Amino acid sequence: MPAMKTQPRARKLLWILGAALGLAGVGPAAPAAGSPRVIALTGDDTMHYNLTEIDARPGEALEVQLTNIGQLPKAAMSHNWVLLRPMSDADVSAFAISAMSKAPDYLPDDRSAVLAHTRTLGPKETDSVDFTAPTTPGTYPFLCTFPGHFALMKGRLVVK
Ligand code: CO
C-alpha cells in the first residue's frame, strides 16, 4: 500500500526537523531553555569592575564569569564577586569589614546574607558562579570583599 511506504519518509522528515530545531537551540541567538545568561565581569588593578549594574528578570538563570584582568600579585590585588540580599550601604560596609580577615575566600562565618559568590582570584584567574536571580524585584548589592576593595569594587543587581 502506498500509504505504508510514505510513513518512514515522513518520520525521517520529522527527525530532520527536530534535529534542526535542536541545533538552533544551542546557537548564541537562541539559548536552550534553562541555560543561564552569561555575564562577563572583570576586575582590574585599579580596583574596578567593568560593570556596576546588572539587570535581571525575577528568577532568571544567570552565570557570572569573573576574570581578574590585572597583573599585580595575588596577595596584593585579588578580586571576588559577592552578591548580597538587599541592605543599606552601611550594612554592606559592615559585611565587608566582617569578611576582610577571612582569607582565602574573604567571606564571613555568617553567610546568611550571601546569595552567590565566586572564588577570590589572582591575576589572569577566572571563576564562574551559576545562580538564579531573586524572584523578588529589588536592588541587590554586590562587592569585592578583598581587604580595602569594597569602597570602589561594588555595584548592584537590579531585579525588575
Ligand atoms: Co577586588
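Buried means under 20% relative accessible area, exposed over 50%, and partly exposed in between, with a 1.4 Å probe and protein chains only. The model is predicted: local features need pLDDT of at least 70, side-chain atom pairs count only at pLDDT 80 or more, and totals for chains, interfaces and linings use all residues. Residues are numbered from 1 along each chain as its sequence is written, and side-chain values use heavy atoms, with hydrogens and water left out.

**Exercise 1. Lay out the secondary structure and the burial of the protein.**

Step 1. Helices (H or I, at least four residues) and strands (E, at least two) are DSSP runs, numbered from the N terminus. The protein has two helices and eight strands.

Step 2. Along the sequence these follow the pattern α-β-β-β-β-α-β-β-β-β.

Step 3. The protein has 160 residues, of which 34% count as buried.

Step 4. A contact means heavy atoms within 4.5 Å. Among contacts with a separation of 6 or more, 73% come from residues 24 or more positions apart.

**Exercise 2. Examine the salt bridges and classify the accessibility of the partners.**

Step 1. The criterion is a side-chain nitrogen of Lys or Arg within 4 Å of a carboxyl oxygen of Asp or Glu. Seven salt bridges are present in the structure.

Step 2. Lys74 and Glu125 form one of them, with the closest N and O atoms 3.2 Å apart. This pair links distant parts of the chain, 51 residues apart: Lys74 lies in the loop between β3 (61–68) and β4 (82–84), Glu125 in the loop between β5 (114–117) and β6 (126–132). Lys74 is partly exposed because its relative accessible area is 38%; Glu125 also counts as partly exposed, at 27%.

Step 3. Asp109 pairs with Lys102, again in a salt bridge, with closest N and O atoms 3.2 Å apart. Asp109 has a relative accessible area of 68% and is therefore exposed, while Lys102, at 29%, is partly exposed.

Step 4. Glu60 and Arg57 meet through their side chains at 3.7 Å, N to O. Glu60 is buried at 9%, whereas Arg57 is exposed at 53%. Arg37, Arg57 and Glu60 are linked in a network of salt bridges.

**Exercise 3. Which residues coordinate the cobalt ion, and why is the arrangement irregular?**

Step 1. Donors are N, O and S atoms within 2.8 Å of the metal (3.2 Å for Na, K and Ca); water is not among the atoms, so sites may look incomplete. The cobalt ion is coordinated by His79 (ND1), Cys144 (SG), His149 (ND1) and Met153 (SD), at 2.1 to 2.5 Å.

Step 2. The sequence spacing of these donor residues is H-x64-C-x4-H-x3-M. His79, in the loop between β3 and β4, and Cys144, in the loop between β7 (138–143) and β8 (154–159), are 65 residues apart and link distant parts of the chain.

Step 3. Four donors count as tetrahedral if all angles lie between 85 and 135 degrees; four count as square planar and six as octahedral if opposite donors are over 155 degrees apart and all others between 65 and 115; anything else is irregular. The four donor atoms subtend angles of 79 to 135°, so the arrangement is irregular.

Step 4. His79 is buried, at 0% relative accessibility, and Cys144 is buried at 0%.

**Exercise 4. Describe the nonpolar cores and place Leu157 and helix α2.**

Step 1. A nonpolar core is a set of buried Ala, Val, Leu, Ile, Met, Phe, Trp, Tyr and Cys residues joined through side-chain atoms within 4.5 Å. The largest one has 23 residues, and those with the most contacts inside it include Tyr49, Trp81 and Leu157. Two or more residues come from each of β1 (37–43), β2 (53–56), β3, β6, β7 and β8. The most come from β3, which gives three.

Step 2. Leu157 sits in strand β8 and is buried, with a relative accessible area of 0%. Its contacts, not counting residues up to four places away in sequence, include Ile54, Leu62, Leu83 and Phe131. The C-alpha atoms of Leu157 and Asp55 are separated by 5.8 Å, although the two residues are 102 residues apart along the chain.

Step 3. Helix α2 (residues 89–99) has the buried residues Val92, Phe95, Ala96 and Ala99. They cover an arc of only 100° around the axis (taken from the directions from the helix axis to the C-beta atoms), so they lie on the same side of α2. These buried residues pack against β4, β5 and β7.
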